[in-house]
Amino acid sequence: MQVLKAFLPASDVHQYSSCYGRIGSPSFQCQHYRRRCRIRAPCCNEIFDCRHCHNEAMKLRHDIPRHEVNQVICSLCGTEQKVQQVCVNCGVCMGEYFCESCKLFDDDTSKKQYHCDGCGICRIGGCDNFFHCNKCRCCYSMLLKNSHPCVEGAMHHDCPVCCEYLFETRQDVIVLPCGHTIHKNCLKEMREHHQYACPICSKSVCDMSKVWEKYDREIAATPMPEAYLNKKVWILCNDCGKTSNVQFHVLAQKCPNCKSYNTRLTRG
């Protein structure tokens, strides 16, 4: 499994209590990143420190269309102007990192922000460390370039546990061995409740060999009544996808192909 910290939108990763400027050190109010401007939301014509401040204030009413922002207000002199990196009035740089497409300003360039044309938004972590998978339609670590299982639009769906949209989530995301994605914290919560199968495809999310060995011992120690000694059932293995006719046991049925107990009955 791979934690995709850097595939989060660049404006969505760290939270800050204040911003700083080159002229003095005024305390700006944005809680999400360092910048010296505010934005006028094109959807409601109101002024906010950033798009996240807007979305949090609006809650479920609507999200700001980030690419449609066209007016910013300099935090130093208060001049409202078209989106640009340097204030037309006082000349202050409103953000060391500036993306004209995403209307993103941020002074914390240690995040190594970059704009991904494939994703259509800014990411963090440095463009040399990530690649865009056209099938998954998202940026992944270079470590996964030749090894990750491609899933069509892998990030363009809600987390199967908490239902938050993963493509623009502000939380860490994990790629499961099956290629599906989930919040890291949601996967941790699943494990705490002894759930080890992908909520989407039911494949095991980790190495379960030790658990299967425990099943072997328990089944060997639990003989079935004579009436069930010759009972056979058809099973489908969630891990390898094979269908098999196996001996029935009340505890579980083992896949003869991959030795997994992550199986389901298809018919008796």
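Modeller: Two strands pair if DSSP finds at least two bridges between them. Strands (E, at least two residues) and helices (H or I, at least four) are DSSP runs numbered from the N terminus. The model is predicted: local features need pLDDT of at least 70, side-chain atom pairs count only at pLDDT 80 or more, and totals for chains, interfaces and linings use all residues. Residues are numbered from 1 along each chain as its sequence is written, and side-chain values use heavy atoms, with hydrogens and water left out.

Colleague: What is the order of the open sheet of four strands?

Modeller: Strands of a sheet pair through backbone hydrogen bonds, either parallel or antiparallel. Here the pairing is antiparallel. The order is 3-2-4-5.

Colleague: Which strands stand at the edges?

Modeller: Each edge strand has a single partner strand, so one side is left without a neighbour in the sheet. The edges are strand 3 (47–48) and strand 5 (80–82).

Colleague: What is the bridge partner of I73 in strand 5?

Modeller: Strand 4 (residues 71–74) pairs with strand 5 in the antiparallel sense, over three bridges. Opposite I73, the bridge partner is E80.

Colleague: Which residue in the turn between strand 10 and strand 11 has a positive phi?

Modeller: Strand 10 (residues 130–133) and strand 11 (residues 138–141) pair antiparallel over four bridges. C133 stands opposite C138. The two strands form a hairpin with four residues between them. At about 60°, the positive phi belongs to R137.

Colleague: What share of the protein chain counts as buried?

Modeller: Buried means under 20% relative accessible area (1.4 Å probe, protein chains only). The chain has 268 residues. The buried share is 43%.

Methods: Buried < 20%, exposed > 50% of the residue type's maximum accessible area, 1.4 Å probe, protein only.
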